[in-house]
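User: Please take a close look at the cavities in this model. Then work outward to the aromatic pairs and the unusual backbone spots.

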Amino acid sequence: MAPVCRLVTAAAAIAVNTSSDPIDPSSPSYGGLSSRTLALVKENMIQAVNSRCTSWELGTATEALLEYEWPALSVFNTSAFPPPRTLSASSNASDVLGIAYQVVSAKSSDSLTLMQNTAVGDPASLGVAVLLANWTRTNPSDNQQLDYLLNVAPRTSTGAISHRSDETQLWADFVYMAPPFIAYYGSLEGGSGEISLIQTAYDQISLYRDVLRDDSGLWQHILLGSWSDTTHWGTGNAWAAAGMLRVLMTMNHTTQGYQFIEQSANLTTWINEILESAWQYQAANGTLLNVLDDYSSFADSSSTAMMAAVTWLATKHRRSYTFTTATVEGGYSPEGQAFVVLLDAAHRDWIRHNTTS
């Protein structure tokens with residue numbers, strides 16, 4: 001097992017059994033996953049990440065842990081920026097920061113990306129955790145990942161950063177991986193750099209939407225390059241909606257959010273396009289399909305969980321489903337488990353908002 005994956009195991013031992021959240025998930029008024037179910041989902045997430053140890057799965061796991069275990073530090077917190085330089089004992093994000101430090105420690109000196117990968121965007125999914133670690137502890141900042149995205153990675157003729165390093169190709173997945181990291185980097189930089197990088201994150205989403213969205217309101221999975229996947233992949237649309245939402249929240253919660261009124265409105269519209277189009281294809285049992293509009297494809301809990309999480313956070317709809325059984329016996333999707341944790345965090349925050357307001 002790679003050292004970084006061993007660290008994930010150690011971090012999870014803490015995360016599965018602890019939470020800084022004052023809401024009791026077992027309370028009848030909460031209505032979310034039980035503590036036992038959530039612990040099982042986290043355990044499955046960690047086991048799956050350990051077996052594969054890919055950058056996007058590890059990055060998504062850190063986001064899930066951050067948003068569920070340490071919501072005060074999440075971009076969905078209205079006072080998220082700037083984060084505190086010194087973290088309190090009750091909100092120290094020790095598991096997330098530990099993973100970030102292990103990733104940086106394992107990074108090759110000749111690699112610009114946080115983890116070596118043929119996908120341009122995927123290693124950037126770890127960027128928020130690494131930036132938070134750099135911000136809250138005495139440690140040299142590593143801006144090579146940003147430099148790679150902005151100055152090295154291939155681009156289309158319109159300026160869209162390719163999701164692949166071996167050819168210029170756009171994947172819906174990219175929107176969750178890279179733009180949130182770029183926007184978060186800007187939010188910590190402040191000043192004109194903040195404005196420039198948040199605008200860059202927005203521009204990349206807009207450029208991707210121009211290519212991947214079609215008249216259905218949904219996004220095709222992969223276009224350009226030597227091959228394509230023109231299906232409306234459920235998880236791809238969930239990646240896109242969730243990535244846009246993270247950029248939207250980062251944009252709105254920075255001190256210069258007032259400068260992005262038009263961009264904020266557009267992102268809101270684009271997120272709702274996907275949500276409204278996707279839920280039209282919801283099956284009777286509550287799930288979305290692997291290919292949203294292909295009734296011959298299988299029911300997919302991963303995309304359902306992430307789409308529902310975005311929906312909760314957008315306070316549009318309430319969906320429920322059971323997420324404890326593997327699609328294949330003995331096998332779990334790492335990002336699928338992370339999506340369920342993100343869903344429960346979104347539901348918890350929705351309950352808190354409606355209770356307090």
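Analyst: What follows starts with the cavities and then moves to rings and backbone.

The model is predicted, and local features are reported only where pLDDT is at least 70. First, the setting. The protein chain has 13 helices and 4 strands. Of its 357 residues, 59% are buried. Take contacts between residues at least 6 apart in sequence: 70% of them join residues at least 24 apart.

Now the empty space. Rolling a probe the size of a water molecule over the atoms shows where such space is left. Over the whole structure, the search returns 2 cavities of 30 Å³ or more.

The largest cavity has a volume of about 80 Å³. Its lining consists of 11 residues. Those nearest the centre are E67, F76, A242, M306 and L313. Two elements, helix 10 and helix 12 (301-313), give two or more residues to this lining. Helix 12 gives the most, with 4 residues. By class, the lining of the largest cavity holds 9 nonpolar and 2 charged residues, and no polar ones. E67 is among the residues nearest the centre, and Glu counts as charged.

The second largest cavity holds about 50 Å³ of space. Its lining is made of E63, A124, S125, V128, Y176, M177, P180, F181 and R246. Helix 7 and helix 8 (179-189) each supply at least two of these residues. The class count here is 6 nonpolar, 1 polar and 2 charged.

One residue close in sequence to that lining deserves its own look. L126 sits in the loop between helix 4 (94-106) and helix 5 (127-136). L126 counts as buried because its relative accessibility is 1%. Leaving out residues up to four places away in sequence, L126 touches S55, L58, G59, T62, V103, L114 and M115. The C-alpha atoms of L126 and A100 are 7.3 Å apart, with their positions 26 residues apart along the chain.

Next, the rings. A pair of aromatic rings is described by the distance of the centres and the angle of the planes. The whole structure contains 7 aromatic pairs. One of them joins W171 and W227. Their centres are 5.9 Å apart and their planes meet at 85°, an edge-to-face arrangement. This pair links distant parts of the chain, 56 residues apart. W171 belongs to strand 1 (residues 170-171), while W227 lies in the loop between strand 2 (222-223) and helix 10 (234-253). The two partners fall into separate burial classes. W171 is at 16% relative accessibility, so it counts as buried. W227 is at 41%, so it counts as partly exposed.

F174 and Y208 make a stacked pair. Their ring centres are 4.6 Å apart, and the pair is stacked because the planes are at 5°. Stacking requires planes under 30 degrees apart. This pair also links distant parts of the chain: F174 is in helix 7 (residues 174-177), Y208 is in helix 9 (residues 191-212), and 34 residues separate them. F174 has a relative accessible area of 0%, so it is buried. Y208 is likewise at 0% and counts as buried. Helix 7, which carries F174, is also one of the elements that line the second largest cavity.

A charge over a ring appears too. R85 lies over the face of W135, 3.5 Å from the ring centre.

Last, the backbone. Most residues other than glycine have a negative phi, and most peptide bonds are trans. Three spots depart from that pattern here. The peptide bond joining F81 and P82 is cis, with omega at about -10°. P82 is placed in the loop between helix 3 (55-69) and helix 4. A93 is found in the loop between helix 3 and helix 4 as well. A93 is not a glycine, yet its phi is positive, about 45°. With a relative accessible area of 0%, A93 is buried.

L224 is another non-glycine with a positive phi, here about 75°. Its place is the loop between strand 2 and helix 10, the loop that also holds W227. L224 counts as partly exposed because its relative accessibility is 39%. A93, by contrast, is buried.

Technical notes
Residues numbered from 1 in each chain as written. Predicted model: local features only at pLDDT ≥ 70, side-chain atom pairs only at ≥ 80, totals over all residues. Heavy atoms only, no water. Phe/Tyr/Trp six-rings, centres within 6.5 Å; stacked < 30°, edge-to-face > 60°. Buried < 20%, exposed > 50% of the residue type's maximum accessible area, 1.4 Å probe, protein only. Lys NZ or Arg CZ within 6 Å of the ring centre and 35° of its normal. 1 Å grid on protein atoms, 1.4 Å probe; cavity = no way out; pocket = protein on both sides within 12 Å on 5 of 7 lines; lining within 4 Å. Points joined across faces, edges and corners; volume = space filled by probe spheres on them. Contact = heavy atoms within 4.5 Å.
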